[in-house]
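Okay, thanks for making time, everyone. I'd like to walk you through the ligand site first and then a pair of helices. Let me bring it up on the screen.

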Amino acid sequence: MSRLCVVGTGHVGLVYGVAFALAGHSVVGVDVNATAIRTLQKGKPTFFEPGLEAALKRALKSKKVTFSEDIRAGARDAAVVFLCVGTPSRPDGSINTSYLKDAAATVGEGMRAASRYQVIAVKSTVIPGTTEGVVRPALEKASGKAAGQHFGLCVNPEFLREGSALEDATKPDRIVIGALDSRSARALRAVYRGQRSPRLATDLRTSEMIKYATNAFLATKVSFANELANLCDAFGGINVDAVVEGMGLDPRINPRFLKAGLGFGGSCFPKDVRALAAAGRARGYESRLLRSVLELNDRQPLRAIELAEQAVGSLAGKRVAILGLSFKGGSDDVRESRAIPLAKALLERGATVVGHDPEANGAFRTEVPAVETAPDVKSALARADVCIVHNDWPQWRALKAADFSGMNRKVVVDGRRILNRSAMKGVTLFVLGG
Ligand code: UGA
């Protein structure tokens, strides 16, 4: 078992830190955020992820995981250091690598005092060439050591989905290891020795690209399903789920990630597709496909408004309730949630907007303060003219006509195709995608 240091205790770093600890490694999770470190030391995750709190408590109890602000010491003592810091979008869509560069420099300072061979593995999502062009020089400069000689360098992308992140970390469908050289690869492979998942060995840039290619393809699949839903609506009388089921039986297609809705959100798909498109553009290649995927995704929330307007005409002065504010059911994360552009577009049209989400009310109010949030479905729907279902919390499936009885006009737009239609007698129901 190895001694590991995970730099960055966000959605990726914390989940991996806990998963590695439960697999028997000794892990220190380090972060510049002192408040986050203190919270984690008390066994409280800094975000909502099913099963994570119990797993964190177990890992702390076994003393296999600790948390510290001392990044240098964490890096100094580790055999493998995972860089899991954020690479946020810049306004032009490209990624900001400054946190990664700073983290690499601090890790490098810690490595100065280490006498053994160490491996640094980049888990942050980075454009091909970043590990060699940004991380490597920062590490070498700060440590006074040479990559490929005194220390190893790898790219080890993560494929965690919010909501099932722990399981994705412990039972991944594949482990991709991009390495500078065979010694780096060997050392990183040892960390995953206990896992049976298929492995792929590549160079650094290919692994960086695999992460983007995966998210761009999945986002394209979702946009394709949304395009189909819109086409089904244009034809009328065609149910997009049945179409997708028929397509998905073809093993070359498969039915997953073809669920139509109001667009994809979250901290990854929109940012990664934009970043790949921007990086292509910076290198002289304009990706028409990715541009269309993004354009469609920007338009898709407005489909709910078009459907609502078919029923009630202008939305000015109307009260519109949005059910589901997080980017997907099962999460409290509102980053790039399609409910944000949806709410803003409704406000622009002069509607009063009230939202409800089982976990994301507070975070959503910070994003769109002009939206009221309601503590439950009943109060969200009270006196509303229109209800738009935005995300896929499983509890929406159980809603019945009676739950909508407090509405002013019982007009419901199911933007996620999740409501039980047979339980909606007396409700004017519009379902995106037929
Ligand atoms: C996504 C990927 O699924 C993970 O594999 C990846 O590791 C992660 O990004 C990342 O790069 O870190 P996540 O953002 O948690 O994970 O969420 P998804 O479940 O992929 O959903 C993304 C968006 O697409 C959500 O808004 C969801 O509602 C939407 N979606 C997904 C659909 O509209 N239809 C679908 O069929 C699937």
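Let's start right at the ligand: one of its oxygen atoms sits 2.7 Å from a polar side-chain atom of Asn 215. Keep in mind that this is a predicted model. The backbone joins in too. A polar backbone atom of Leu 160 is 2.7 Å from a ligand oxygen, and for a polar backbone atom of Leu 258 the distance to a ligand oxygen is 3.3 Å. As for cover, taken on its own the ligand has 710 Å² of accessible area, and the protein covers 93% of that.

So who makes up the surroundings? There are 19 residues around the ligand. Leu 160 and Asn 215, which I just mentioned, are among the closest, along with Glu 162, Lys 211 and Lys 328. If you sort the shell by class, you get nine nonpolar residues, eight charged ones and two polar ones.

Now, which helix gives the most to that shell? Helix 9 does, with three residues. Helix 9 runs from 204 to 235, and both this helix and helix 11, at 269–282, supply at least two shell residues each.

Since we're on helix 9, have a look at how it meets helix 10, residues 240–248. Their axes come within 9 Å and cross at roughly 130°. An angle of 65 to 115 degrees would be roughly perpendicular and one over 145 roughly antiparallel, so helix 9 and helix 10 count as oblique to each other. The crossing of these two helices, 9 and 10, is right-handed.

Okay, that's my bit. Over to you.

Methods. Residues numbered from 1 in each chain as written. Predicted model: local features only at pLDDT ≥ 70, side-chain atom pairs only at ≥ 80, totals over all residues. Heavy atoms only, no water. Near = heavy atom within 4 Å. Polar contact = N/O pair within 3.5 Å; in protein donor to acceptor, adjacent residues only side chain to side chain. Areas by Shrake-Rupley, 256 points an atom, 1.4 Å probe, with all protein chains shown as cover. Helix = DSSP H or I, 4+ residues; strand = E, 2+ residues; numbered from the N terminus. Nonpolar A, V, L, I, M, F, W, Y, C, P; charged D, E, K, R; others polar. Axes fitted to C-alpha atoms, helices over the stretch in contact; angles between N-to-C directions. Parallel < 35°, antiparallel > 145°, perpendicular 65-115°, else oblique. Left-handed = near helix turned anticlockwise from the far one by under 90°.
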